[in-house]
Amino acid sequence: MSYLPKPKLHHPKLPTNAIGLTRRDYEGAISTLCAGCGHDSISAAIIQACFNLSIPPHRVAKLSGIGCSSKTPTYFLGAAHGFNSVHGRMPSVLTGAYLANRDLIYLGVSGDGDSASIGFGQFAHSIRRGVNMTYIVENNGVYGLTKGQFSATSDLGSVAKKGAVNTDQPIDLAAIAVQLGATFVARSFSGDKEQLVPLIEAALLHEGAAFLDVISPCVAFNNHPGSTKSYDYVREHNEALNRLDVMVPRETITASYRPGEVTEVTQHDGSVLRLRKLRTEHDPTNRASAMHHILERRAAGEIVTGLIYVEPEPTALHAHLGTVPQPLNALGDAELCPGVDALEKINAALR
Amino acid sequence: MKPTDISSPDYFHKVIDCQWACPAHTPVPEYIRLIAAGRYADAYMVNWHSNVFPGVLGRTCDRPCEPACRRGRVEEEPVAICRLKRVAADNKGEVSGRMPPIPQQKNGKRIACVGAGPASLTVARDLAPLGYEVHVFDEQAKAGGFIRQQIPRFRLPEEVIDEECGYILDRGGVVSHQNRRVDSLKALLAEGYDAVFVGSGAPRGRELDVPGRREAAANIHLGIDWLASVSFGHVKSIGKRVIVLGGGNTAMDCCRSARRLGGEDVKVVVRSGFEEMKASPWEKEDAMNEGIPILNYLVPKEVLHDNGRLRGMVFEKVAAQYDAKGRRSLVPTGEPDVTIECDDVLVAIGQENAFPWIERDAGIEFDRWGLPKLDADTLQSTLPNVFFGGDAAFGPKNIIWAVAHGHQAAVSIDLFCRGEDVRNRPPPDVTLASQKMGIHEWAYDNAISLDLRYKVPHLPAEKALRDITAEVELGYDREVAYLETQRCLNCDVQTVFTAKLCIECDACVDICPTDCITFTENGEEDDLRTRLKAPAVNLYQDLYVQDGLKTGRVMVKDEDVCLHCGMCAERCPTGAWDMQKFLLETAKPKAHACHSR
């Protein structure tokens, strides 16, 4: 941890994006996490992705629960809206905010403790409801804030820093997200920004429930031999399904590939996800086969990363509920409070 | 790329842009930190060991360090290195006790130095503590050479010259022969010196060759001679209307002196464009602030006079044209000539070397420009016991180059007198020491100040112009000096990377405020420079490459705009990055008598 703020001076040739901001403008306060924490790399990837997409920071709402991961929204997008909720309750607060104002970009940041243990139900329901959000779990397989107990995502047989062996089955959040009906599911690794940044970009552009499981080594308590979430272990067992390029609608597509090498998925907003396939047997637009593939590869001892599943035409919660297109704060008093007669009408309809 | 060899002293030395650019390689960040700590005498001594004349140079140096300063690449202006040096000199108090003692027991070797300028005095300073008996010959009444004769008092008070020459001449071991002009090298050699050092400067002002020059000679003066006459009090006034010819620092000193001696309408006229003038930008600025216009692209054509009485000068208007190779030529524009009326003309269009006192059969060979043939490293001439330095060696340069030559020649003379090969140069003295004191505590102040460069206060112009001895620059006070020191980026505190400790977590890449660090596949330098987190376009700055990482990638750090803030090392979980202070002191003569540690 550093006491000094990151110096404001920057590279003299630091580029600006379409809205005139530099990458440094997307930073937050300096991290107070342990030096070398994977979460800081994920923060850097979120910064890069938002810069690349030229997202105005004040149009983003970043929400989190409790834990090391949930501290991180302080360390990126200092100009965005933020809500640090109760442990495991980020998904319901996010859902409420999304219902009130559908115009913001919702970024939920959580950890394996926050989402796979205390907030497991909240996680499940926000996904199955189809909340339009990017839900990132910074997954280190360990309770870092309380000195390294196994979490619910620790692999069976993995060894804690002091030698204890985990005897419980792990929760695979990505597999569960596919099963729960998430319309965008990916897994990545904090130590591979080339893979992670485009996945975050694609998730932010996705107009539905996008879930990202990012393995993020805990340098203090889970980066030793015997851990299955250490830098070394993840690098050795990482099997990338595909490499992703995200093209926003205004960009012209110039690269050319041989047929079969590339799958292009055009999302609802017009952005194109170009997948350079590394595994031909994996089809990222077929939920059942994606599910089958990750379970099969896990049994083979691989950590499958990349874009696992995407539904190009997702529907989201507002569409299911038939709510008004405007955010509530854009409505006038008359619309928000239509009066006694309107209430009578509703009550009568329910009698 | 091959992994960088950081054990070569040049690698980290080059990262310290200011020290690398300084001809005498003064450890700049080291003394700036000492000033920040209020240790002015220590800061002065670090300077004194390297550049011998901190008080003089803190006011007059050409400051090659400042254009090189890294701060100038990440912000608007470099650190005011030169003026901080003066702060050390102004506040140091008593320092003579810290200087190396001059032994009573001499080593039996006698050295003659011709000229008592900065080069000769540096040789004397370096050799006297080793037991050499150094004889310094100079035709003027007082020592200092260029420093005393040609730098006006309003830039450099005489007490400063007296003090710093005194540290060399008055502590024993050095015999001053002032008012003694050396007229014959052969005669000097016949006096049996073990070695002779020629530091006689470039004493001849270049002449103006236009019609009317000779007829109007009474009011046309060669700049350097005129400045010397002003310095020694022989000249006390000048006409009301003065033209100064030339665009170098001597011309700036001439015009500003003329302004103080009765010149009311003083103009500088240069052949080239304003931008190409040799004078330092701050000297041009100071002259213009005193109401002196600088007229450019005017080539002297004729001196106008009435029977020898100077009336004015005629200039031809020219423009710069560049050929395919980028060489400039000044071409007449065809516009009407410009006539400027004047009472006096000061000619400061260059200086030349002259060695009328060296017999052509004395054994010293000269090149076709009239300069002695020298070994560039040893400064030894074709006569093995004669060495050259300062302006006498390679033509007119400046004080700090003269000092650097003096050190080089002193090393040579010492080797020569001990019968060793002068080409066998001793290596510099180098230390590399970790600055780590705790998880996020360093032995240097790693916070980065965002302050812009502080201005040095000046005496009000109306006061300054009344008295030619009134120093114009007042120097920083201690408080402002402290704030200015904080702008220094501590480029001598190096980022040292140990690949075998690295777990490739990217923490350093993410935290680096100037995007210096990249982990990537290795490649050739040209290719690698384009693939970094920020393209490394400044080819003068090296890439620091280390291999041996688990993923087979390499760590590449572009040194160009590193703030040396230590954030990479603070955020590194394994100590693969460390901040280590690199202190380099150039080799001094044997036994390191003038060594700072």
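In chain A of this predicted model, residues 24 or more positions apart account for 72% of the contacts with a separation of 6 or more. The chain comprises 12 helices and 13 strands, and its radius of gyration of 21 Å is close to the 20 Å that the globule rule gives for 351 residues, so chain A is as compact as a globular protein of that length. Taken along the principal axes, the C-alpha atoms of chain A fill a box of roughly 70 × 50 × 50 Å, and 49% of the 351 residues count as buried.

Within chain A, helix H6, which covers residues 173–180, has as its buried residues Leu173(A), Ala174(A), Ala177(A) and Val178(A). These residues cover an arc of only 140 degrees around the axis, which puts them on the same side of H6(A). An α-helix has 3.6 residues a turn, so residues three or four places apart point the same way. The helix is followed by Gly181(A), for which phi is positive, near 100 degrees.

Chain B contains 22 helices and 24 strands, and its average pLDDT is 94, with 99% of the residues scoring at least 70. For 597 residues a compact globule would have a radius of gyration near 25 Å, and the 26 Å of chain B agrees with this. Along its principal axes the C-alpha trace of chain B spans about 85 × 65 × 50 Å, and 49% of the 597 residues of the chain count as buried. Of the contacts in chain B with a separation of 6 or more, 72% are accounted for by residues 24 or more positions apart. Three domains are assigned in chain B, namely domain 1 (100–204 + 353–417), domain 2 (205–351) and domain 3 (499–575), and the C-alpha centres of domain 2 and domain 3 of chain B lie 52 Å apart.

Helix H13 of chain B, formed by residues 223–231, has Gly223(B), Ile224(B), Trp226(B), Leu227(B), Val230(B) and Ser231(B) as buried residues. Viewed down the axis of H13(B), these buried residues fall within an arc of 160 degrees, so they line one face of the helix. The elements against which the buried residues of H13(B) pack are helix H10 (146–149), strand E5 (204–205), strand E6 (220–222), helix H14 (249–260), strand E14 (344–347) and strand E15 (351–352) of chain B. After H13(B) comes Gly233(B), with a positive phi near 80 degrees.

Individual positions of chain B were also examined. Ala393(B), found in helix H16 (residues 391–394) of chain B, has 25 other C-beta atoms within 10 Å and is buried, the threshold for burial being 20 or more such atoms. When its neighbours within four places in sequence are left aside, Ala393(B) is in contact with Leu374(B), Leu379(B), Phe388(B) and His405(B). By contrast with these contacts, the C-alpha atoms of Ala393(B) and Met45(B), which are 348 residues apart along the chain, are separated by 28 Å.

Most residues other than glycine have a negative phi. Val52(B), which is not a glycine, nevertheless has a positive phi of about 65 degrees; this residue lies in the loop between helix H4 (40–51) and helix H5 (54–60) of chain B and, with 29 C-beta neighbours inside 10 Å, counts as buried. A positive phi, near 55 degrees, is likewise found at Asn179(B), a residue other than glycine. Asn179(B) is placed in the loop between strand E3 (174–177) and helix H12 (185–190) of chain B, and this residue is exposed, with 11 other C-beta atoms within 10 Å, where 12 or fewer is the limit for exposure.

As regards the association of the two chains, the model scores ipTM 0.90 and pTM 0.91. In the interface, 29 residues of chain B are in contact with 25 residues of chain A. On the side of chain B that touches chain A, the elements giving two or more residues are helix H7 (71–74), helix H20 (507–511) and helix H22 (567–570) of chain B, of which H20(B) provides the largest share, with 3 residues. By residue type, this side of chain B divides into 16 nonpolar, 4 polar and 9 charged residues.

Key:
Residues numbered from 1 in each chain as written. Chains lettered and ligands numbered in written order. Predicted model: local features only at pLDDT ≥ 70, side-chain atom pairs only at ≥ 80, totals over all residues. Contact = placed C-beta atoms within 7 Å. Helix = DSSP H or I, 4+ residues; strand = E, 2+ residues; numbered from the N terminus. Nonpolar A, V, L, I, M, F, W, Y, C, P; charged D, E, K, R; others polar. pLDDT = per-residue confidence, 0-100. Rg over C-alpha atoms; globule rule 2.2 N^0.38 Å. Domains from an automatic or database assignment. Arc of directions from axis to C-beta.
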